[in-house]
Amino acid sequence: MQLEKPLLPEITFIRLPKIDPSEILAHMSDPRVAEHMPLLTFQWDEATVAKFVASKEDCWQRDGLGHWAILSDNHYVGWGGFQKEGDEWDFGLVLKPGSFGLGARVARKAIAFAVDDKRIPYVTFLLPPSRKKLGALKKLGAVFVTEVEYDGSTFLKYRMDTD
């Protein structure tokens, strides 16, 4: 008898304004999310969510690409995507604690998007030094570049070619 493999949840990307702001507020207010986000030094409220979503939509208007809401089987599990930082496309991913295990799958799907997008010759990743498990990032082909200072915090910068 052959055992059937369990179906993996379907990962989809949609624009952030389609998510109920209370979902984003609950997500970004969870202290476990802030553990690896040194720039998250304030409390989120409804105004913060509105400003956040508007700023991410501004990126879409300016650059034609930005951050998405990430769904797993049509349930919001976080946000992430690409943001233009100077001449570079930086990839960020912030999942809800119950969905941290989806990170590698979400990243692979997003990176496949970047590979198909000729505007993106490479992707950068900025990670706080508190992140110790970097195996998935290295499996994607990212290599360490340098330490960078961003808004008063130190980050480890990785780069992955997409062409």
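Here are some short exercises with worked solutions on the predicted model shown above.

**Exercise 1. The nonpolar cores**

Find the largest nonpolar core and work out which elements build it.

*Solution.* Start with the residues that have the most contacts inside this core: Leu65, Phe82, Phe91, Val123, Phe125 and Tyr158. In total, the largest core holds 20 residues. Next, look at which elements supply two or more of them: β4 (88-95), α4 (103-116), β5 (122-127) and β7 (153-161). Of these, α4 gives the largest share, with four residues. Finally, look for a core that lies apart from this one: there is another, of 15 residues, and Ile19, Met28, Val49 and Val94 are among them.

**Exercise 2. Around Tyr158**

Which residues does Tyr158 touch, once those up to four places away in sequence are set aside?

*Solution.* Go along the chain in order. You will meet Val123, Thr124, Phe125 and Leu127, then Leu134 and Leu137, and at last Ala142, Val143, Phe144 and Val145. Two of these names, Val123 and Phe125, also stand with Tyr158 among the residues that have the most contacts inside the largest core.

**Exercise 3. Two helices that meet**

Describe how α1 and α3 pack, and decide whether they are roughly parallel or roughly perpendicular.

*Solution.* First locate the helices: α1 covers residues 21-29 and α3 covers residues 46-63. Their axes are 9 Å apart and make an angle of about 105 degrees. Angles of 65 to 115 degrees count as roughly perpendicular, so that is the term for α1 and α3. Now list the residues in contact: Pro21, Ile24 and Leu25 come from α1, while Glu46, Val49, Phe52 and Val53 come from α3. Sorted by class, the contact has six nonpolar residues, one charged residue and no polar residues.

**Exercise 4. Backbone angles in a loop**

What is notable about phi at Asp73 and at Asn74?

*Solution.* Begin with the background: most residues other than glycine have a negative phi. Asp73, however, has a positive phi, near 50 degrees. Asn74 has a positive value too, near 70 degrees. Then place them: Asp73 is in the loop between β2 (67-72) and β3 (75-85), and Asn74 is in the loop between β2 and β3 as well. To finish, check accessibility. Asp73 is partly exposed at 41%, whereas Asn74 is exposed at 61%.

**Exercise 5. Aromatic pairs**

Compare the pair Phe13 and Trp68 with the pair Phe42 and Trp44.

*Solution.* Take the Phe13 and Trp68 rings first: their centres are 4.4 Å apart, with 10 degrees between the planes. For Phe42 and Trp44, the figures are 6.1 Å and 20 degrees. Planes under 30 degrees apart count as stacked, so the term applies to Phe13 with Trp68 and to Phe42 with Trp44.

Now ask what the Phe13 and Trp68 pair joins. Phe13 lies in strand β1 (residues 11-15) and Trp68 in strand β2, so the pair ties together parts that are 55 residues apart in sequence. As for accessibility, Trp68 is buried at 7% and Trp44 is buried at 11%, while Phe42 is partly exposed at 43%. For the wider view, the count of aromatic pairs is twelve, and ring pairs link Phe13, Trp60, Trp68, Phe82, Phe91, Phe113 and Phe125 into a cluster.

**Exercise 6. A serine in a strand**

Is Ser153 buried or exposed, and what does this residue contact?

*Solution.* Find Ser153 in strand β7. Its relative accessibility is 14%, and under 20% counts as buried. Leaving aside neighbours within four places in sequence, Ser153 is in contact with Pro38, Leu39 and Val148.

Note on methods: Residues are numbered from 1 along each chain as its sequence is written. This is a predicted model: local features need pLDDT of at least 70, side-chain atom pairs count only at pLDDT 80 or more; totals for chains, interfaces and linings use all residues. Side-chain values use heavy atoms; hydrogens and water are left out. A nonpolar core is a set of buried Ala, Val, Leu, Ile, Met, Phe, Trp, Tyr and Cys residues joined through side-chain atoms within 4.5 Å. Buried means under 20% relative accessible area, exposed over 50%, partly exposed in between (1.4 Å probe, protein chains only). Contact means heavy atoms within 4.5 Å. Axes are lines fitted to C-alpha atoms, for helices over the stretch in contact, and angles run from 0 to 180 degrees between N-to-C directions. Angles under 35 degrees count as roughly parallel, over 145 as roughly antiparallel, 65 to 115 as roughly perpendicular and the rest as oblique. Ala, Val, Leu, Ile, Met, Phe, Trp, Tyr, Cys and Pro count as nonpolar, Asp, Glu, Lys and Arg as charged, and the others, Gly among them, as polar. Rings of Phe, Tyr and Trp (its six-membered ring) pair if their centres lie within 6.5 Å; planes under 30 degrees apart count as stacked, over 60 as edge-to-face and the rest as tilted.
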